[in-house]
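Here is a short report on the fold of one chain. Please read it with the sequence and structure at hand.

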Amino acid sequence: MSGIKAQGEKRLVLASGRAHPELAQQIAKELDIELLPTSAYDFANGEIYVRFEESVRGTDAFVLQAHPAPINEWLMEHLIMVDTLKRASAKRITVVAPFYPYARQDKKHRGREPISARLVADMYKTAGADRLISVDLHTAQIQGFFNGPVDHLMAIPLLADYVRTRVDLDNVTVVSPDTGRVRVAEQWAERLGGAPLAFVHKSRDVSVPNQAVSKQVVGLVEGRTCVLIDDMIDTGGTISGAVQVLKNAGAKDVIIAATHAVFSDPAARRLSESGAREVVVTNTLPIPPEKNFKELTVLSIAPLIARAVREVFEDGSVTSLFDGKA
């Protein structure tokens, strides 16, 4: 046989940007590895420099970055890290973006608008990414924007298993903040023992960002504990308004559950004053101390991401993590 056969095993490396070092350390601990030693800093004019301090040639590289504000800075750092790995001869590069940047701009609402979620996917691919891992995409079709494998992880098992311990399953209703997330609400209802569903009717002016008006609730909520679900909480206006609608409709109490705690100001104040008994989120994004409040519970997404990374590395099944329903 012609050629040379290499003797050796695959090697996994986990690199992390600077946006959320706590999550990176948690994932590395779950995988029982060290983070890839990295030098990263900004030049005086804001340019970002990245260099990995050990060889990544031939590795299966996973490059993690959270995308809180300022999102454009962290996205650019992520792209530079991917390009660095490509030029350093990593064999396969997987982008790990727990909160996918620009996910809300997944379609055109009006003429002359961008589809920025697709642009981000194109940039990752151009930079050198082979595959992508993300958690609870704003809409499932974003998976089709990336020309390569996409592992779409779901935080529902993590969130729902916690919420189960906080409610009476015989007196709970799962509430979607709009009709667009009813399918997700159905998965929640299944996890909570077949709980009934409701949704909040709201209106939105597409020309005004971060503003929607919750109007009325459709479904059985009177005297019941309502679990109000969403994929992300940005300024908190919509979800806080939905809490008031549920309270006005006779809900006994409300628990908010969301995956991504964007928490742009004044989200923390709005949520703490909303009347919700508890706000449950994951740590896909860092939550600074000044945005913490008494009713907030933060669950770690690190075990889920670590399991997905291991399955990808070992050529296993990510879908098996979600009972075949991912």
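The text below goes from the whole chain to one sheet and then to one helix.

**The chain as a whole**

This is a predicted model. The chain holds eight helices and 14 strands. Its radius of gyration is 21 Å, close to the 20 Å that the globule rule gives for 326 residues, so the chain is as compact as a globular protein of that length. Further totals for the chain are tabulated here.

| Property of the chain | Value |
|---|---|
| Span of the C-alpha trace along the principal axes | about 75 × 45 × 40 Å |
| Buried share of the 326 residues | 51% |
| Share of contacts with a separation of 6 or more that join residues 24 or more positions apart | 64% |
| Exposed area | about 15700 Å² |
| Share of the exposed area from carbon and sulfur atoms | 49% |

**The parallel sheet**

Five strands form an open sheet. Their order is 1-4-5-6-7, and the pairing is parallel. Strand 1 (12-16) and strand 7 (150-153) are the edges, and each pairs on one side only. From one strand to the next, the twist averages 15 degrees.

Strand 5 (residues 92-97) and strand 6 (residues 131-135) are one of the pairs, running parallel over four bridges. Within strand 6, I133 is the bridge partner of V96.

Helix 1 (residues 21-31) packs on this sheet. Helix 1 touches strand 1 and strand 4 (60-64). The direction of helix 1 makes about 165 degrees with that of strand 1.

**Helix 2 and its surroundings**

Helix 2 covers residues 71-87, which is 17 residues. Does its length fall short of the expected span or agree with it? At 1.5 Å a residue, helix 2 should span 24 Å. The expected span counts one less than the number of residues. The end C-alpha atoms of helix 2 are 24 Å apart, so the two values agree.

Which residues of helix 2 are buried? They are W74, L75, E77, H78, L79, I80, M81, V82, T84 and L85. E77 and H78 are thus listed as buried alongside residues such as L79 and I80.

These buried residues pack against several elements. Among the partners are strand 1, strand 4 and strand 5 of the parallel sheet. Strand 2 (38-42), strand 3 (48-52) and helix 3 (116-127) are partners as well.

S89 follows helix 2. The phi of S89 is positive, near 75 degrees.

Conventions: Residues are numbered from 1 along each chain as its sequence is written. This is a predicted model: local features need pLDDT of at least 70, side-chain atom pairs count only at pLDDT 80 or more; totals for chains, interfaces and linings use all residues. Side-chain values use heavy atoms; hydrogens and water are left out. Two strands pair if DSSP finds at least two bridges between them. Helices (H or I, at least four residues) and strands (E, at least two) are DSSP runs, numbered from the N terminus. Axes are lines fitted to C-alpha atoms, for helices over the stretch in contact, and angles run from 0 to 180 degrees between N-to-C directions. Contact means heavy atoms within 4.5 Å. Buried means under 20% relative accessible area, exposed over 50%, partly exposed in between (1.4 Å probe, protein chains only). The radius of gyration is taken over C-alpha atoms; the globule rule is 2.2 Å times the number of residues to the power 0.38. Accessible areas come from the Shrake-Rupley method with a 1.4 Å probe; for residues, only the protein chains shown count as cover.
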